[in-house]
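Visitor: Could you take me on a close look at one part of this protein, and then follow the links outward from there? I would enjoy one connected account.

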Amino acid sequence: MKFSTVLFESVKDLWDQAANKPFVTEMAMGVLEEQRYRYYMIQDYLYLLEYIDILGSIYECSDDPELKEFISFVIEQTKKEIMQVHIPNMREMGITDEEISACPESREIADYVNYMRTQVRNEGVLAGLTAQLQCSWVYAYIGMQMMKQYPDDISSSPYRSWFEAYTCDDYISANQKWIDILDEKAKGVEGEEARKLCRIFRTCAEYENSFWDMLYKI
């Protein structure tokens, strides 16, 4: 069994919960309050800047040329996502640089980011890759699940571009490349090491779900 399959099975219950969070389903149905989405976009943008920085830390810790090349690719893909999805959407909603600068990072995002940084620092490259893959992969999973459940609603939803971004060929291909790389680097991982990586993956999924919930506390 591929290690990615083990990881998936360790979090499927949490991912299914994520795909049924009110924020996600209301986006799909096109009824999400714009102000709530506005706050989400700013928080997600702040998170992605941290995400790129953590990838840079993994790059610096690695001495594997193939892995360093891949991490550079992921960094560029994430920057592309920011430029093609986040910034245009924020500009369309009238979100200014001043508004972004004045918005503090939520506690949920800060805790999540700190957790991933700790995995890289204390557990190494493979743990860092595992932690960050969860974020990329769960968005693809949510996007696909929503497209199956709400195809007609999404086609007319004002948030359609969000679902298209995480189900497009480029995103799915980049995500699969990450899964394949992790499977290659995790060959031979078993026992307590495998359980540790599964715990990291699941903890990151729990942070994701806490973030979706937080959006209904503002």
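Guide: Gladly, and let us begin with a small charged group: Asp13, Arg202 and Glu206 are joined in a network of salt bridges. Please keep in mind throughout that this is a predicted model. Within the network, the side chains of Arg202 and Asp13 come together with 2.9 Å from N to O. The two residues belong to distant parts of the chain, since Asp13 sits in helix H1 (residues 3-18) and Arg202 in helix H11 (residues 191-214), 189 residues apart. Neither end is hidden from view: Arg202 has a relative accessible area of 26% and is partly exposed, and Asp13, at 36%, is partly exposed too.

Now look beside this salt bridge at Ser10, another residue of helix H1. Ser10 counts as buried because its relative accessibility is 18%, and the cut-off for buried is under 20%. Leaving aside residues up to four places away in sequence, Ser10 touches Cys198, Phe201 and Arg202. Arg202 therefore appears twice in this corner, as a contact of Ser10 and as the salt-bridge partner of Asp13, where its relative accessible area of 26% makes it partly exposed. A further residue to compare is Arg195: its C-alpha lies 9.8 Å from that of Ser10, although the two are 185 residues apart in sequence.

Phe201, which Ser10 also touches, leads us to the aromatic residues. The structure holds 27 aromatic pairs. One of them joins Trp15 and Phe201, a tilted pair with 5.9 Å between the centres and 50° between the planes. Trp15 is in helix H1 and Phe201 in helix H11, so this pair ties together parts that are 186 residues apart in sequence. Here both rings are on residues that count as buried: Trp15 has a relative accessible area of 1%, and Phe201 has 0%. H1 and H11 are thus linked by a salt bridge between partly exposed residues, Arg202 and Asp13, and by an aromatic pair between buried ones, Trp15 and Phe201.

A second tilted pair is that of Tyr37 and Tyr159, with ring centres 4.6 Å apart and planes at 55°. Tyr37 is in helix H3, while Tyr159 is in the loop between helix H8 (151-156) and helix H9 (160-165), 122 residues away along the chain. Both of these tyrosines are buried. They are also members of one aromatic cluster, together with Phe23, Tyr40, Tyr139, Trp162, Phe163, Tyr166, Tyr171, Phe211 and Trp212.

From Tyr166 of that cluster we can step across to His86. This histidine is found in helix H4 and is buried, with 1% relative accessibility. Apart from residues up to four places away in sequence, His86 touches Met41, Asp44, Tyr45, Leu48, Glu81 and Tyr166.

Helix H3, home of Tyr37, deserves a look of its own. H3 (residues 34-61) packs with helix H6 (residues 107-123) at an angle of about 5°, and the axes are 10 Å apart. That angle makes the two helices roughly parallel. On the H3 side, the contact is made by Gln43, Tyr47, Glu50, Asp53, Ile54, Ser57, Ile58 and Cys61; on the H6 side, by Ile109, Tyr112, Val113, Met116, Arg117 and Val120. By character, the residues of this contact divide into nine nonpolar, two polar and three charged.

Let us return to the charged pairs to finish the tour. The structure holds 21 salt bridges. Among them is that of Asp213 with Lys21, whose closest N and O atoms are 2.9 Å apart. Asp213 lies in helix H11 and Lys21 in the loop between H1 and helix H2 (22-29), so the pair ties together parts 192 residues apart in sequence. The two ends are set differently: Asp213 is partly exposed at 33%, whereas Lys21 is buried at 12%. Another salt bridge joins the side chains of Lys80 and Asp170, at 3.6 Å from N to O. Because Lys80 lies in helix H4 (residues 65-92) and Asp170 in helix H10 (residues 169-185), this pair ties together parts 90 residues apart. Lys80 is partly exposed, with a relative accessible area of 32%, and Asp170 is partly exposed as well, with 48%.

Key: Residues are numbered from 1 along each chain as its sequence is written. This is a predicted model: local features need pLDDT of at least 70, side-chain atom pairs count only at pLDDT 80 or more; totals for chains, interfaces and linings use all residues. Side-chain values use heavy atoms; hydrogens and water are left out. A salt bridge is a side-chain nitrogen of Lys or Arg within 4 Å of a carboxyl oxygen of Asp or Glu. Helices (H or I, at least four residues) and strands (E, at least two) are DSSP runs, numbered from the N terminus. Buried means under 20% relative accessible area, exposed over 50%, partly exposed in between (1.4 Å probe, protein chains only). Axes are lines fitted to C-alpha atoms, for helices over the stretch in contact, and angles run from 0 to 180 degrees between N-to-C directions. Angles under 35 degrees count as roughly parallel, over 145 as roughly antiparallel, 65 to 115 as roughly perpendicular and the rest as oblique. Contact means heavy atoms within 4.5 Å. Ala, Val, Leu, Ile, Met, Phe, Trp, Tyr, Cys and Pro count as nonpolar, Asp, Glu, Lys and Arg as charged, and the others, Gly among them, as polar. Rings of Phe, Tyr and Trp (its six-membered ring) pair if their centres lie within 6.5 Å; planes under 30 degrees apart count as stacked, over 60 as edge-to-face and the rest as tilted.
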